[in-house]
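Biologist: Could you take me through this model step by step, beginning with a single residue and how much of its surface is accessible?

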Amino acid sequence: MTEVRGEGGHEYRWALPSVLLGDAWEGRRVKRSTRDWIVDIVMFLLASGLTLVGIPELHDRPEPLQAIEQVTGALSCAGVWLRRRWPVGFAVVTTLLSSYLELVGGASVVALFTVAVHRPFKVSGPIMLLGAVSLVPYVLLRAQTDLSTPLEALLGGTILVAVFGWGIVVRARRQLVWSLRERAANAAEDAKRHERERIAREMHDVLAHRLSMLSLHAGALEFRPDAPPPEIARAAGAIRTNAHLALQDLREVIGVLRQAPPDADDLVPDRPQPTLADLPTLVEECRQAGMDVRLDLRAADAPEGLGRNLYRIVQEALTNARKHAHGAPVTVTVTGSRGKELSVEVRNPLWARPGTRLPGAGAGLIGLTERAELAGGRLRHGATPEGEFVVGAWLPWPVETTREDA
């Protein structure tokens, strides 16, 4: 995260680190962190040290040149503190001055390293080339007595390449660390998104079933106010039971969401889930609500994960049949064997009593398709030429199951 203080003292936060920002940040005032202060102090001391080392070399120079050297050397060392704000400009000025002046060399080395770290190669490369070119007049005009010209040029070039390469390596490492952090953050966001989708899918499967039961019994009471007292009591009891179960499911999820930390990997722990063995109970519950449901169960011993997915598919299909074809007979056929696939087919005629159709948004079938695809299977739904609406799902049933499926 990069913090920048703009005009008026306002601070702006950006996701990209300053090392990856280009020339658009040239001239901006960057708020230094503690680490930045430490690095800047080290760089200032390094430039000052190199400047002090070069002072003895000025004893045979004219006094006016010595004065110019000392002033420019001091100013270049002080300019190190501005290297973050104007890295390219500072590097160009110090590199040009170092082509003749001795005491600017330390600051020019620091400036080259700064540009290599904070700017891409298309910017730092020309600065490096300018530094190499500036060696030519320095070696020719300010040659030292104890080193030959080729050797001095080789030494200067080695220093430039080493400093520039070090800066490139630092930049590459920072980019790698930043990309890994971004990848981890994206993975965490994807995990949270998948978890939210799982919560929405589970709550839709549960609440849609419960609330459709409520609507069904409430509609029966509305259209038959003269029903016998036992039937009214039975409908009221079913409404009370399903409302209690719906509130309980909703309260569990909301309670866990409130207690979960923001970075929790699993927002909602797995609760006891229905399996294939619970299908007869679901069908019986629908029969008690007045539906005509026939179950043909020709599969057993399915893994828990596989059975749970099939249970949810049947539950949603029965909920849709209850919404859109109330009173029509529904047939549920479940077949399958280990090593092949587990399939289910839910059929009901395409007709409904007037005034009994319940509203629906079609999200249930979309959720069922997603559930089947996540399980590695497929789901088809639609009307047949015989005037029936069919929901069919096929889920793979491997020979060997994992601990999660078992």
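Modeller: This is a predicted model, and in it Asp-190 has a relative accessibility of 36%. Since buried means under 20% and exposed means over 50%, the class that fits Asp-190 is partly exposed.

Biologist: Which residue meets the side chain of Asp-190 in a salt bridge?

Modeller: Asp-190 lies in helix α6, which covers residues 149-223, and its partner lies in that helix too, 3 residues apart or about one turn of the helix. The partner is partly exposed as well, with a relative accessible area of 35%. The two side chains meet at 3.8 Å, N to O, and the partner of Asp-190 is Arg-193.

Biologist: In helix α8, how far apart along the chain are Glu-284 and Arg-287?

Modeller: The side chains of Glu-284 and Arg-287 meet in a salt bridge of 3.7 Å, N to O. Glu-284 is partly exposed at 37%, and Arg-287 is partly exposed at 38%. Helix α8 spans residues 279-288, and within it the two are separated by about one helical turn, that is, by 3 residues.

Biologist: Do strands β4 and β5 run parallel or antiparallel?

Modeller: Strand β4 covers residues 330-336, and 6 bridges join it to strand β5, residues 341-349. One of the paired positions is Val-334, whose bridge partner in β5 is Val-344. The hairpin of β4 and β5 has 4 residues between the strands, and Gly-339 takes a positive phi near 90 degrees there. The direction of β4 and β5 is antiparallel.

Biologist: And which residue of β4 is the bridge partner of Val-293?

Modeller: Strand β3, residues 293-298, runs parallel to β4 and is joined to it by 6 bridges. The partner of Val-293 in β4 is Val-330.

Notes: Residues are numbered from 1 along each chain as its sequence is written. This is a predicted model: local features need pLDDT of at least 70, side-chain atom pairs count only at pLDDT 80 or more; totals for chains, interfaces and linings use all residues. Side-chain values use heavy atoms; hydrogens and water are left out. Two strands pair if DSSP finds at least two bridges between them. A salt bridge is a side-chain nitrogen of Lys or Arg within 4 Å of a carboxyl oxygen of Asp or Glu. Buried means under 20% relative accessible area, exposed over 50%, partly exposed in between (1.4 Å probe, protein chains only).
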